[in-house]
Amino acid sequence: MEVLRTEGLKKYYGRPGSPARQVKALDGVSFQVERGEFVAVVGTSGSGKSTLLHMLGGLDRPTEGKVYVEGKDIFSLGDDALTIFRRRKIGFVFQAFNLVPVLNAYENIVLPLELDGNTVDEGYVSQVIHFLGLKDRQGSMPGQLSGGQQQRVAIARALASKPAILLADEPTGNLDSRTSQNVVSLLKVTGQKFHQTIVMITHNEAIAQMADQIIHIEDGKIIQRLGHMPAQESCGEEGGHGYA
């Protein structure tokens with residue numbers, strides 16, 4: 001079942017009608033993602049991949065084109081309605097972790113739910129925490145956690161609201177190579193465990209090989225799509241043991 005689709009997505013910066021002064025960050029991007037897929041969008045700096053993630057997450061509006069999440073044209077919504085939709089339907093994992101330093105790991109994980117006025121599904125959140133190997137670190141402050149542990153807290157926070165899609169923006173950018181492999185492997189098996197759809201932005205080709213589908217983007221256009229990559233053996237067992 002399709003959960004995400006873009007149609008002719010464009011994002012232009014600069015003066016309309018003046019091609020010499022116009023930057024086409026996205027120039028007609030169309031693709032779809034099935035529920036439960038793990039998709040990697042790969043490109044160099046300036047290729048348009050981060051702009052694409054901002055469009056998929058409703059963080060910025062396109063010049064032209066549409067983004068559908070679970071069949072809903074998200075840009076048909078007003079700003080307030082889009083903010084609520086984004087909070088409930090889209091999970092984000094950022095390169096910088098973005099944890100609140102004065103809250104412990106558990107408080108960071110459930111914070112978006114509490115801000116939205118939702119009751120925390122304690123059973124589900126506990127299952128996510130256990131699976132990500134954070135059971136013994138729930139009371140730890142972000143400054144007491146390693147980079148890999150902080151990223152796992154960020155993943156748990158993104159999963160806690162049971163979003164339609166999870167968007168990961170260079171999630172390994174602040175991690176060493178071994179921890180990067182572990183975090184992306186964990187992201188993949190977590191997606192499988194919780195039937196989560198994941199779109200990951202990365203410049204790292206090796207990391208991208210773990211995805212089910214790879215979309216290469218250059219100069220704001222899709223230049224190649226590779227689908228249904230062979231499954232990779234996970235690096236750890238349920239419960240998160242072996243991850244940095």
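Reply: Let's start with a term we'll need: a helix crossing is right-handed when the near helix is turned clockwise from the far one by less than a right angle, and left-handed when the turn is anticlockwise. Keep in mind that we are reading a predicted model.

Me: Thanks! Which way does α3 pass α5, in a right-handed or a left-handed crossing?

Reply: The crossing of α3 and α5 is right-handed. In general, two packed helices are described by the angle between their axes and the distance between the axes. Here α3 and α5 pack at an angle of about 30°, and their axes are 8 Å apart. Angles under 35 degrees count as roughly parallel, so α3 is roughly parallel to α5.

Me: Which residues of α3 and α5 make the contact?

Reply: On the α3 side, look for Ala105, Asn108, Ile109, Pro112 and Leu113. From α5 come Val153, Ala156, Arg157 and Ala160.

Me: How do I read a nonpolar core, and which residues touch the most other members of the largest one?

Reply: The general idea is that in soluble globular proteins, nonpolar side chains tend to be buried together. The largest core in this model has 42 residues, and Ile109, Val125 and Leu166 touch the most other members. Several elements supply at least two residues each, including β3, α3, α4, β7 and α6. The element that gives the most is α5, with seven residues. Another core, of 29 residues, lies apart from this one, and Leu26, Ile74, Phe75 and Ile217 are among its members.

Me: What is Val125 in contact with, leaving aside its neighbours within four places in sequence?

Reply: Val125 is in contact with Tyr106, Ile109, Val110, Val120 and Ala160. You have met two of these names already: Ile109 and Ala160 also belong to the contact of α3 and α5.

Me: Now the sheet. In what order do its six strands come?

Reply: To read a sheet, follow the strands from one edge to the other. The order here is β6-β7-β8-β3-β9-β10, in an open sheet with mixed pairing. At the edges are β6 (90-94) and β10 (221-226), each of which pairs on one side only. On average, neighbouring strands are turned by 20° against each other, direction ignored.

Me: How many bridges join β6 to β7, and how many link β3 and β9?

Reply: β6 and β7 run parallel and are joined by five bridges; one of the pairs is Phe94 with Asp169 of β7. For β3 and β9, the pairing is also in the parallel sense, over four bridges. There, Val41 has Ile215 of β9 as its bridge partner.

Me: β6 is an edge strand. Is it largely enclosed or not, and why?

Reply: It is largely enclosed by the rest of the structure, because four of its five residues are buried. Helix α2 (residues 79-89) lies across β6 and β7, running at about 75° to β6.

Me: Which residue in the loop between β6 and α3 has a positive phi although it is not a glycine?

Reply: That is Phe97, with a phi of about 70°. Because its relative accessibility is 9%, Phe97 counts as buried. There is a second case in the loop between β7 and α6, namely Glu170. Its phi is positive too, about 45°, and it is not a glycine either. Glu170 is buried, with a relative accessible area of 10%.

Me: And Thr179: is that residue buried or exposed?

Reply: Thr179 sits in helix α6 and counts as buried, at 7% relative accessibility. Gly148 is 31 residues away along the chain, but the C-alpha atoms of Thr179 and Gly148 are separated by 6.2 Å.

Key
Residues numbered from 1 in each chain as written. Predicted model: local features only at pLDDT ≥ 70, side-chain atom pairs only at ≥ 80, totals over all residues. Heavy atoms only, no water. Pairing = 2+ DSSP bridges. Axes fitted to C-alpha atoms, helices over the stretch in contact; angles between N-to-C directions. Contact = heavy atoms within 4.5 Å. Core = buried A, V, L, I, M, F, W, Y, C linked by side-chain atoms within 4.5 Å. Buried < 20%, exposed > 50% of the residue type's maximum accessible area, 1.4 Å probe, protein only. Parallel < 35°, antiparallel > 145°, perpendicular 65-115°, else oblique.
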